[in-house]
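User: I'd like to go through this structure with you and ask how each label was earned. Could you take it step by step?

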Amino acid sequence: MTGLAFLKRLLGGAAEGRAPGVWRKAEQGARVLVVDDSATIRAVLGRMLEVEGYAVTRAADGERALEMARSEPPDLIFLDIVLPGMNGFAVLRALRHDPLTQHVPIVMISGNQQATEQFYVQRFGADDFISKPFGQADVARSIDRLVGFGRLSARQPGVVVPLSVSAETIPALLANATLESAPEKVSNLAA
């Protein structure tokens, strides 16, 4: 592998054999903790993750995040740097020193330019960093990198289940299922 190819792969470029923009995902149902003092960021980031099949919990401050992470360690944490009370760097250090959570991948997030610079200078052991504002592609790219580095288990491709009926009978089965359930719904509405 050439030096340029290695650098592209390291920085999150498209992996060989994968189309650009096709991201690897963590296991279906992976537990993700989103920590941010902004209710909007918690809601938006949480929804982005839920749509992808992750089980999301949310915390508004560092102390609550530590409690949640220690009581049921998540598979991944998105952690804001600027938090009320205990800041994200202190939370990161506490998580890295706790045997229950030291293995959990952590993605730091921040819109504060000074905090961003401080993060790169101090490097407290986060696995990745996303700058605010961010989009779904940024989140997917970060998860893809963590899966690629082996920090998160990869989602398995869908399993094909053989049909127990012929494909020709499926439209009739669907039509019958719809017709059988429709009168029941109407009677329930009338009651």
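Analyst: Happy to! This is a predicted model, and a good place to begin is R31, E72 and D75, which are linked in a network of salt bridges.

User: How many salt bridges are there in the whole structure?

Analyst: A search of the whole structure finds 14 salt bridges.

User: What makes the contact between D98 and R70 a salt bridge?

Analyst: The N to O distance between the side chains of D98 and R70 is 2.7 Å. A salt bridge needs a side-chain nitrogen of Lys or Arg within 4 Å of a carboxyl oxygen of Asp or Glu, so this pair qualifies. The two residues come from distant parts of the chain, 28 residues apart: D98 sits in the loop between helix 4 and strand 4, and R70 in helix 3 (residues 62-71).

User: Why is D98 called buried, and R70 partly exposed?

Analyst: D98 has a relative accessible area of 13%, and buried means under 20%, so D98 is buried. R70 has a relative accessible area of 36%; that value lies between 20% and 50%, so R70 is partly exposed.

User: What else does the side chain of D98 reach?

Analyst: The side chain of D98 also reaches the backbone nitrogen of L100, at 2.8 Å. A polar contact needs N or O atoms within 3.5 Å, so that distance fits.

User: Where is T101, and is it buried or exposed?

Analyst: T101 is found in the loop between helix 4 (88-97) and strand 4 (106-110). Its relative accessible area is 1%, and the limit for buried is under 20%, so T101 is buried. The side chain of T101 reaches the backbone oxygen of L95 at 2.7 Å. Leaving aside residues up to four places away in sequence, T101 touches A69, R70, A94, L95 and R96.

User: How do you know that R145 and D128 form a salt bridge, and what does the pair tie together?

Analyst: Their side chains meet at 2.9 Å, N to O, and the cut-off is 4 Å, so the label holds. R145 lies in helix 6 (residues 136-148) and D128 in strand 5 (residues 128-131), so the pair ties together parts that are 17 residues apart in sequence. R145 has 18% relative accessibility and D128 has 13%. Buried means under 20%, so both R145 and D128 count as buried.

User: Why are R58 and E50 called partly exposed?

Analyst: The relative accessible area is 31% for R58 and 29% for E50. Partly exposed runs between 20% and 50%, so the label fits R58 and E50. R58 forms a salt bridge with E50, with the closest N and O atoms 3.2 Å apart.

User: What is the overall make-up of the protein?

Analyst: The protein has 7 helices and 5 strands, and from the N terminus on, the elements run α-β-α-β-α-β-α-β-α-β-α-α. Of the 191 residues, 33% count as buried.

User: Which stretches have pLDDT under 50, and why should their coordinates be read with care?

Analyst: pLDDT stays under 50 over residues 1-16, for which the model has 8 contacts beyond four places in sequence. Over residues 178-191 the pLDDT is below 50 as well, and that stretch has 0 contacts beyond near neighbours in sequence. Where pLDDT is low, the predicted coordinates should not be read in detail. For the protein, the average pLDDT is 78, and 66% of the residues score at least 70.

Terms used. Residues are numbered from 1 along each chain as its sequence is written. This is a predicted model: local features need pLDDT of at least 70, side-chain atom pairs count only at pLDDT 80 or more; totals for chains, interfaces and linings use all residues. Side-chain values use heavy atoms; hydrogens and water are left out. Helices (H or I, at least four residues) and strands (E, at least two) are DSSP runs, numbered from the N terminus. Buried means under 20% relative accessible area, exposed over 50%, partly exposed in between (1.4 Å probe, protein chains only). A polar contact is a pair of N or O atoms within 3.5 Å; within protein, one must be able to donate a hydrogen and the other to accept it, and residues adjacent in sequence count only if both atoms are side-chain atoms. Contact means heavy atoms within 4.5 Å. pLDDT is the predictor's confidence in each residue, from 0 to 100.
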